[in-house]
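Thanks for sharing this one with me. Here are a few notes to read alongside the structure, on one residue and on the pockets.

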Amino acid sequence: VVSLLVPYDGTWQTQANDEIQRRHDAVEGLLPVHHIGSTSVHGLPAKPILDLLPVFADEAAADASRGAVEEMGYEWMGAFGLDGRRYCRRLDPDTGERRVHAHAYVLGHADIRRHLAFRDALRANASLRAAYASGNGACAARHPEGGAAYGDCKSGWIAKTEARALERY
């Protein structure tokens, strides 16, 4: 049985840094690109998919990035259910497995702060990391196929934790 989650991989940060540099080299108008999600938290088991958060100065720059992003091998999916987001994903050309999710926003969008607050809370608090790893593992065991059921399983805990993290961020 293939597990949805894998143990922390010490190369994830390097992989993210490489992908961030690729983006900066290829996409005009980028401000910071943040590494977020479970792969950005040292020691945390995760799905082996990097989550990046590219930030743009304005809507025009974000929309103009589409061609360059697609040339990098990403599938552009638009808002994909979240207002203000430009979501894209890159698959491994050999296996077809997802390798990178990019959740791009314009500077000042509330979801930037939400993602960074959650990531930084997990990075700073070992007991919070342990609780997330436990709950995430239980959801992965219940929903080994991943997808919406897995996301729904862990969404309540994440929402509460994000709210507390935002109060302190």
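**Notes on a predicted model**

1. Let me start with Asp63, which sits in helix H2, spanning residues 59-64. Please keep in mind that this is a predicted model. Is Asp63 buried or exposed? Its relative accessible area is 44%, and since buried means under 20% and exposed over 50%, Asp63 counts as partly exposed.

2. There is also a distance to look at for Asp63. Its C-alpha atom lies 10.0 Å from that of Val106, although the two residues are 43 apart along the chain.

3. Now to the pockets. The largest pocket has a volume of about 1300 Å³. It is lined by 44 residues, and those closest to its centre are Lys47, Asp51, His101, Tyr150 and Lys154. Strand S5 (98-106) and helices H4 (110-124), H5 (126-142) and H6 (147-168) are the elements that each give two or more residues to this lining.

4. Which element gives the most to the lining of the largest pocket? That is H6, with 10 residues. Sorted by class, the lining of this pocket holds 19 nonpolar, 13 polar and 12 charged residues.

5. The second largest pocket encloses about 170 Å³ of space. Its lining includes Ala117, Ala121, Leu128, Arg164 and Tyr169. H4 and H6 each supply at least two of the lining residues, and H6 has the largest share, with four. By class, six residues of this lining are nonpolar, two are polar and two are charged.

Terms used. Residues are numbered from 1 along each chain as its sequence is written. This is a predicted model: local features need pLDDT of at least 70, side-chain atom pairs count only at pLDDT 80 or more; totals for chains, interfaces and linings use all residues. Side-chain values use heavy atoms; hydrogens and water are left out. Buried means under 20% relative accessible area, exposed over 50%, partly exposed in between (1.4 Å probe, protein chains only). On a 1 Å grid over the protein atoms alone, a cavity is a set of points where a 1.4 Å probe fits but cannot get out, and a pocket is an open set with protein on both sides within 12 Å along at least five of seven lines; lining residues have an atom within 4 Å of a point. Grid points are joined across faces, edges and corners, and a volume is the space filled by probe spheres set on the points. Ala, Val, Leu, Ile, Met, Phe, Trp, Tyr, Cys and Pro count as nonpolar, Asp, Glu, Lys and Arg as charged, and the others, Gly among them, as polar.
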